Amino acid sequence: MPATEGTELVGPRRNASRGVAYAAILVVTATAFVTTQNLAGATSQHAHRPGAHPTTTRPAAPQRAGAHAADTQVDEASLPSAPMSALSLNAPIVGMAATPTGKGAWRVAADGGVFTSGDAAFYGSAGALRLREPIVGMAATPSGHGYWFVARDGGVFAYGDAHFYGSTGGQHLNQPIVAMAATPTGRGYWLIAQDGGVFSFGDAHFYGSTGALRLNQPIVGGASTPTGRGYWFVGRDGGVFSFGDARFEGSAGAAHLTEPIVGMAAASNASGYLLLSASGRVFNFGSASNYGSAANACTGAPAVAIATASKARGYWIAFANAQAYALSPASNGPKCQPNTATKLGAAAADLFGRLNDERGARGLAPLSWNPTLANYAEAWSKTMSTTDLHHSNIAQLLGPFDYVGENIAMGSAGVSAGALHVAWMHSQGHRDNILSPGYQEAGIGVYCAPDGSIWATTEFARPTSAGPPPPYDGGTSPTPVARPDGDSLTCGS
């Protein structure tokens, strides 16, 4: 039976203003696929956001009590090539420091929990303490045998060979502390407030601040020069402020950022610095080298910290969910891909590969894998297995995306993932979604029902930051199908 189109198709296919649209439903049986690839209906769906315009030295306070509490230690593979996996956390990661060798790193959570990797040893945490304010940053000693945390109120916690030199925990602050930086000797540190106010302790000297300036955006991070006789701050908009022997090498303040800057790190033994955005993108200035970014990682969480090592080239990038990557001349930036470790993941990966092969055969750019869309798609495929084949409310995906679309399908026991792809390609609405030049990202979810039937959902999206999509009316040709080949990825035992 030919595919049926039930309702209007808008969004990227007609370059209309943001809204919601639906098409029809796809059901594939083993017999139908083998003989005629008939469709008992075909459904694709689109949505786009309404209202768019498509054309596509201060005194120290007493030390905090209980700064040597125990916590669970999490060890992971050594770097530079192995990423740190996401973890189940009580509180998000907020800071990171690398060991001198660069072969390990510490991550600290907002509750003071510490997570180690590689040659980073565990020296204690505040995870078992009841904190007055959350932890916001950390710094390591030059030896790599200790570290400090700083809380939002300026309370400082010292572990290992890190000594306590003072804090602002008992003072009234105009703005909360957002970061800390250690001196090269390890015998002092600076605390940096959101308004650029500076508090220096130990052998850390005060070289100036922005506390009396009116900032366009709040300060979010800072770093010390290799000599310890100066420091930089960075604002949320990428503006950089330099003091002492810190040279201004440039900023992202004039750039059109689609996400905020969240931190900075100094280049090792040189004059330069790195800025990190919430997406994991890296900006380098002065002598700092850029070895790539983590913007294409499958994290599902914002980047929160960047750290360099004194004896290694490269840098670490940490995300709020504890996932982290080490980028260096010997490693490449992470690339988001489907998880092929499970049967369902392998089926989703197969469908994703076929989708991009179809686009490539027609000179279209490949879509990037989006884990958020994939999780949504997998959940919907499972829902359909008990509620029958119907579309989700994809309008709820709008926000980070201006345009979204959805393909759904199911096949009886014995139907493969490849068969669903071929059926989609023989349905006008589904094929138009697959070949739309407006989409940039996709996520696919597959579910195997107890009766052996296979259910699949593809979510398509165009990020808001990408701007309006190009004009597109669909009407794509049914031939050729670049990937008509079969596979054994079925839900059978």
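**Close-up views of a predicted model**

**View 1. Asp388, a residue with an unusual backbone angle.** Look for Asp388 in the loop that runs between α3 (371-387) and β23 (401-411). Keep in mind, here and in the other views, that this is a predicted model. Asp388 is not a glycine, yet its phi is positive, at about 85°. Is Asp388 buried or exposed? Its relative accessible area is 53%, so Asp388 is exposed.

**View 2. Ala322, with a positive phi in another loop.** Here we move to the loop between β20 (315-319) and β21 (324-327), where Ala322 sits. Ala322 also isn't a glycine, and its phi is positive, at about 85°. What about its surroundings? Ala322 has 0% relative accessibility, so it counts as buried. Put next to each other, these two loop residues make a neat contrast: Asp388 is exposed, whereas Ala322 is buried.

**View 3. Strand β11 and how it is covered.** β11 takes in residues 188-193, and 6 of its 6 residues are buried. Follow the strand and you'll see its residues pointing two ways: Gly188, Trp190 and Ile192 go one way, while Tyr189, Leu191 and Ala193 go the other. Whichever way they point, all of them are buried.

**View 4. β10 pairs with β11.** Strand β10 (residues 177-182) pairs with β11 in the antiparallel sense, over 5 bridges. Which residue of β11 is the bridge partner of Met180? That would be Leu191. The two strands make a hairpin with 5 residues between them. In this hairpin, Gly186 takes a positive phi near 80°.

**View 5. β12 pairs with β11.** β11 also pairs with strand β12 (residues 198-202), again in the antiparallel sense and over 5 bridges. Leu191 turns up here too, standing opposite Phe199 in β12. With 4 residues between them, β11 and β12 form a hairpin. The turn holds Gly196, which has a positive phi of about 85°.

**View 6. Ala254 in an exposed spot.** Ala254 has its place in the loop between β15 (240-244) and β16 (261-266). Its relative accessibility is 81%, so Ala254 counts as exposed. Gly238 is worth finding as well: it is 16 residues away from Ala254 along the chain, and the C-alpha atoms of the two are separated by 8.0 Å.

**View 7. Phe352 and Trp369, an aromatic pair.** The model has 19 aromatic pairs. In one of them, the ring centres of Phe352 and Trp369 are 5.0 Å apart and the ring planes are at 75°, so the pair is edge-to-face. The pair links distant parts of the chain: Phe352 belongs to helix α2 (residues 343-361) and Trp369 to strand β22 (residues 368-369), and the two are 17 residues apart. Both Phe352 and Trp369 are buried.

**View 8. Five aromatic residues in one cluster.** Which residues make up this aromatic cluster? They are Trp106, Tyr123, Tyr147, Phe149 and Tyr159.

**View 9. Arg247 and Glu249, a salt bridge.** The model's salt bridges come to 7 by count. One of them joins Arg247 to Glu249, with the closest N and O atoms 3.6 Å apart. Arg247 is exposed, with a relative accessible area of 54%. Glu249 is partly exposed, with a relative accessible area of 24%.

**View 10. Asp485 and its salt-bridge network.** The side chains of Asp485 and Arg354 meet in a salt bridge, at 3.5 Å from N to O. Asp485 lies in the segment after β25 and Arg354 in helix α2, so the pair ties together parts that are 131 residues apart in sequence. Arg354 counts as buried, at 0% relative accessibility, whereas Asp485 is partly exposed, with a relative accessible area of 34%. Asp485 has another partner, Arg483, and the closest N and O atoms of that salt bridge are 2.9 Å apart. Salt bridges with shared partners join Asp350, Arg354, Asp357, Arg483 and Asp485 into one network.

**View 11. A cis peptide bond at Pro480.** Pro480 is found in the segment after β25 (454-463). Is the peptide bond from Thr479 to Pro480 cis or trans? This bond is cis, and its omega is near -5°.

Terms used
Residues numbered from 1 in each chain as written. Predicted model: local features only at pLDDT ≥ 70, side-chain atom pairs only at ≥ 80, totals over all residues. Heavy atoms only, no water. Buried < 20%, exposed > 50% of the residue type's maximum accessible area, 1.4 Å probe, protein only. Pairing = 2+ DSSP bridges. Phe/Tyr/Trp six-rings, centres within 6.5 Å; stacked < 30°, edge-to-face > 60°. Salt bridge = Lys/Arg side-chain N within 4 Å of Asp/Glu carboxyl O.
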